[in-house]
Amino acid sequence: ISSKESKVILDFLIHVLISDLGIDAVAVWVIEEGTDFMKIEESSGLSERYIRFFNKTDRIRVGRGLVGQVMSDKKTIYYEKPEEYRDFGNARWNIMLQDEGVKAILSSPMFVGDRVIGTFNIYYKTPHQISQYERRFIEILANQISIAIENTEHSRTLRQSEEKLKRQIEKLLELQNVTQFLNLR
């Protein structure tokens, strides 16, 4: 699927999660290309301030904070109450979660095969106890989102390769024309 189609699908999934499951916000965190920093790639229900803070101001490395720990441990982490995650990460990150009004948070790794490409986070602004079925559903959904992201990357790579091949063919045709011209003389 194209990147435009995957964005439409992701936006639809996020809308369904928020409207039908009582989730207040979601975020798709991925590793920024060429670094070991995480960034919010897609989100809904989170303030621009929150997104800008984690994408620009106070970056999270793989292995640090909630999303970084989920990436390195390859396990879902769920906290029902703010007190449970206060010691996870640093105080600035917890203040940002408080400012967003987050009371409960679930972070699930997004797998492509055995490789983790990011995390899928859901945020509740009221205390929430998640059932094992909801948790499993979110884990399955996280993996489906990772496949959509991977397909988008493959699509982009194919388009780039196609453009490169077109340029190479054009150069070869130019060389062929020059060679034919020189052979005529």
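Modeller: A residue counts as buried here when its relative accessible area is under 20%. The model is a predicted one.

Colleague: Which residues of α3 are buried?

Modeller: Gly65, Leu66, Val67, Gly68, Val70 and Met71 are the buried residues of α3. Each of these residues is called buried because its relative accessible area is under 20%.

Colleague: What follows α3, and what is its phi?

Modeller: Lysine 74 follows α3, and its phi is positive, near 60 degrees. Lysine 74 sits in the loop between α3 (65–73) and β4 (77–79).

Colleague: What makes the phi of lysine 74 worth a remark?

Modeller: The value is positive, and the residue is not a glycine. Most residues other than glycine have a negative phi.

Colleague: Why is lysine 74 called partly exposed?

Modeller: Its relative accessible area is 42%. Partly exposed covers what lies between buried, under 20%, and exposed, over 50%, so lysine 74 belongs to that class.

Colleague: What do the buried residues of α2 pack against?

Modeller: They pack against β1, β2, β3, α5 (91–100) and β6 (115–124). The buried residues in α2 are Tyr50, Ile51, Phe53, Phe54 and Asn55.

Colleague: How many salt bridges does the count come to?

Modeller: The count comes to 8 salt bridges.

Colleague: What makes the contact of glutamate 32 and arginine 59 a salt bridge?

Modeller: The N to O distance between their side chains is 2.7 Å. The cut-off is within 4 Å, so the pair qualifies. Glutamate 32 lies in the loop between β1 (25–31) and β2 (37–44), and arginine 59 in the loop between α2 (48–57) and β3 (60–61), so the salt bridge ties together parts that are 27 residues apart in sequence.

Colleague: How do you know which class of exposure glutamate 32 falls in?

Modeller: Its relative accessibility is 24%, so glutamate 32 is partly exposed, being neither under 20% nor over 50%. Arginine 59 has a relative accessible area of 21%, so arginine 59 is partly exposed too by the 20% limit.

Colleague: Why is the pair of glutamate 162 and lysine 166 called a salt bridge?

Modeller: The closest N and O atoms are 4.0 Å apart, and within 4 Å is the condition. Both residues lie in helix α6, 4 residues apart, about one turn of the helix. Glutamate 162 is partly exposed at 43% relative accessibility, and lysine 166 is partly exposed at 42%. Elsewhere, salt bridges that share partners join Arg135, Arg136 and Glu139 into one network.

Colleague: How far apart are the closest N and O atoms of arginine 135 and glutamate 139?

Modeller: They are 3.7 Å apart, and the pair forms a salt bridge. Arginine 135 and glutamate 139 lie in helix α6 (residues 132–184), 4 residues apart, about one turn of the helix.

Colleague: Is glutamate 139 buried or exposed?

Modeller: Its relative accessible area is 17%, which is under 20%, so glutamate 139 is buried. Arginine 135 has 29%, so arginine 135 counts as partly exposed.

Colleague: Which residues form a nonpolar patch on the surface?

Modeller: Leu165, Ile169 and Leu173 form the patch, with about 270 Å² of accessible area together.

Colleague: How do you know that isoleucine 169 can be counted in a patch?

Modeller: Isoleucine 169, which lies in helix α6, is partly exposed at 43% relative accessibility. A patch residue needs over 30%, so isoleucine 169 meets that cut-off.

How values were computed: Residues numbered from 1 in each chain as written. Predicted model: local features only at pLDDT ≥ 70, side-chain atom pairs only at ≥ 80, totals over all residues. Heavy atoms only, no water. Helix = DSSP H or I, 4+ residues; strand = E, 2+ residues; numbered from the N terminus. Buried < 20%, exposed > 50% of the residue type's maximum accessible area, 1.4 Å probe, protein only. Contact = heavy atoms within 4.5 Å. Patch = residues over 30% accessible without salt bridge, like charges linked within 9 Å, V, L, I, M, F, W, Y side chains within 5 Å. Areas by Shrake-Rupley, 256 points an atom, 1.4 Å probe, with all protein chains shown as cover.
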